[in-house]
Amino acid sequence: MNDTLRPMTALLEIRDLWAAPVRQRGHALLRGVALAVAPGEVHGIVVESGAGKSLLGRAVLGVLPSGIRIAKGAITLDGEDLLAASPRRRRALLGRFLAMVPQDPMTALNPVRRIAAQMTDHLRLHLRLDRRQALAVAEALLAAVHIREARRVLAQYPFELSGGMRQRVLIAMAFACRPRLVVADEPTTALDVTVQRQILRLIRELQREAGTAILFITHDLGVVAKICDRVTVLHAGRVLEEAATPALFAAPRHPYTAALMRATPRYDRPGEALEPVPAALAEQLRAEAEALDHVLA
Amino acid sequence: MGDERTLIAAASGAARLWVGAAILGALVAASLVAPLIAPHDPLDQNLLNTLLPPFWRGGADPAFPLGTDSLGRDVLSRLIYGSRVALIVALVAASLAALLGTLLGLVAGFFGGALDNAISRLVEIWMSFPPVLLSIVLVAVIGAGLDAVILAIVIVDWTRFCRVVRAEVLVQKAQDYVASARIIGLSRASTLTGEIIPNILPLLIVLLSLEMGIAVIVETILSFVGLSVASDTPTWGGLIAEGRLYINQAWWLMALPMSCVVIVVLGFNALGDGLRTLLDPIMRQ
């Protein structure tokens, strides 16, 4: 990990992070993940689908699914050890300094509560606003994510909004308290392609304006190229490569990254033949990764 | 086509809602103004006019539209007064059972672990007793009377609420929006009150209205076997028990209170169904 130039002042630092199921000894899901995210940086995590993609983001947020634990390692935000934080401290950080844009906007909003209620919860809790102030802020936030008729949307229930609209609401909520770091877990996969681009542009815009760093988890290299400053490529829970985005696309150093690029369709080169990632390569990498698991046993 | 089906479902849901509400409205009205609308004192005996037939049969007396019983008491007045006991039991017993069951269900579902285990096993043991037998034994032990009947229904029926609420809390707990609420920094308590309870409320309202119908049936059974309120207060179960003796001469003595029970229970069920359609966010969508 010392082969890249990193500023010393990382906002988020993950060191040698191992995560494993509680019940299965000696089998890891994250294998010594290390990465650093500078303040205001959009850091892409490229992981293939179905490989516990959300795990890293959830580990940072401290909401791992039950049955999975952090076996080893450290996560620090601004020098503060997140894994050692008390539940109370963690709640104070979550939503305020550390926020999330969820993967599926269709299920991330409570179906029986109006948008206004869901947005103001969070403003009142963290910014100590009263109901009226919180409503005014919520309206301004919706305007900032380019929702026209913000007042009307506030009075609506989630089912009355389209997926793109819901994702805008959720993004507005994530950026509401100007957090230091936002974990975006595939925020565009559940949306159709035209909406995807708008949402990416929106995230980028809010991120620049608030100086927020983003941990952008995705399986889509096309999305990475559009939005990320730096990229970390993960496979089988292991970091394979970490580089600035232009450098990565210009010259991928790891054969897996190169293979992944050949497997990704590109708008600017229609008709180009795609090759799937060779099974032998994936298999070999998985075996290598699993060989590391004895550390845990 | 899907839209059409939803519309039809919604329309018939609305119809059921209105039928249920109308029946219950009539029940509430009858018990509130019983002294005003009952043509006679329900306890007034008139031994010259015993076992008079109801109005649709020959030999009926217009002063007694639904006839008289073996002691010459007016059946219509007794039915109207009987609705009071039915209504009180339905409202109070079902609400208390809902309160107790919901609290335990929330605790079990939300906190899980050993607490959930203890509560769930208790519910299972509880439900393995035959409910009617259990309530009869309970009333026999506690002693007869309205409060004993209510207590018996609560003790027997809280498990319905507990089981359903627990299961629904488990479902809700796994929803993304509950996770999202945690991620914006809400405490566990505020996730429970702010996210989970509003989502189980529709279910609870429906269950409650169904439970009221069940409470009416249980009260009828208990008063039928003479374990409900004192025997000088008319109850539908009591009327059925009295009518049973004259089934060969005057079948309507039994059929009339039975119809009351059936109509009221159908009313509660229709209301529950209608509310379900109305409150279900998916149907609403």
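**A mixed sheet in chain A and an all-helical chain B**

His43(A) stands opposite Leu215(A), a residue of β8(A). This pair belongs to a predicted model, and it makes a handy way into the sheet of chain A. The two strands involved, β3(A) and β8(A), run parallel to each other and share 5 bridges. Leu215(A) turns up again on the β7 side, where it is the bridge partner of Val183(A). There, β7 (residues 181–185) and β8 (residues 213–218) of chain A also pair in the parallel sense, again over 5 bridges.

Going the other way from β3(A), the partner is strand β9 (residues 230–235) of chain A, with parallel pairing over 4 bridges. Here Gly44(A) sits opposite Val231(A) of β9(A). Put together, 6 strands of chain A make an open sheet, ordered β6-β7-β8-β3-β9-β10, and the pairing is mixed. The edges are taken by β6 (98–101) and β10 (238–244) of chain A, each of which pairs on one side only. On average, neighbouring strands in this sheet are turned by 20° against each other, ignoring direction.

What about the surroundings of β3(A)? Strand β3 (residues 42–46) of chain A is largely enclosed by the rest of the structure, because 5 of its 5 residues are buried. In a regular strand, side chains alternate between the two faces of the sheet. For β3(A), both faces are covered: Val42(A), Gly44(A) and Val46(A) are buried on one side, and His43(A) and Ile45(A) are buried on the other.

Just off the sheet, there is a backbone detail to note at Glu186(A). Its phi is positive, near 45°, although the residue is not a glycine. Glu186(A) lies in the loop that links β7 to α7 (193–210) of chain A. It counts as buried because it has 21 C-beta neighbours inside 10 Å, with the cut-off at 20 or more.

Chain B is another story: its secondary structure comes to 11 helices and 0 strands. Its C-alpha trace spans about 80 × 50 × 30 Å along the principal axes. Of the 285 residues in chain B, 44% are buried. Among contacts in chain B with a separation of 6 or more, 70% link residues 24 or more positions apart.

One helix of chain B deserves its own paragraph. Helix α3 (residues 75–111) of chain B has 37 residues and reaches 53 Å from first C-alpha to last, close to the 54 Å expected at 1.5 Å a residue. α3(B) is also mostly covered, with 26 of its 37 residues buried. After the helix comes Gly112(B), with a positive phi near 60°. On the N-terminal side, the loop between α2 (34–37) and α3 of chain B holds Leu51(B). Leu51(B) is another residue other than glycine with a positive phi, in this case near 50°. It is partly exposed, since 15 other C-beta atoms lie within 10 Å.

Finally, the two chains meet: 23 residues of chain A are in contact with 17 residues of chain B. On the chain A side, the elements giving two or more residues are α2 (87–93) and α3 (115–127) of chain A. The largest share, 4 residues, comes from α3(A). By residue class, the side of chain A that touches chain B divides into 13 nonpolar, 5 polar and 5 charged residues.

Conventions
Residues numbered from 1 in each chain as written. Chains lettered and ligands numbered in written order. Expected span 1.5 Å × (residues − 1). Buried ≥ 20, exposed ≤ 12 C-beta atoms within 10 Å, placed from the backbone. Contact = placed C-beta atoms within 7 Å. Nonpolar A, V, L, I, M, F, W, Y, C, P; charged D, E, K, R; others polar. Pairing = 2+ DSSP bridges. Axes fitted to C-alpha atoms, helices over the stretch in contact; angles between N-to-C directions.
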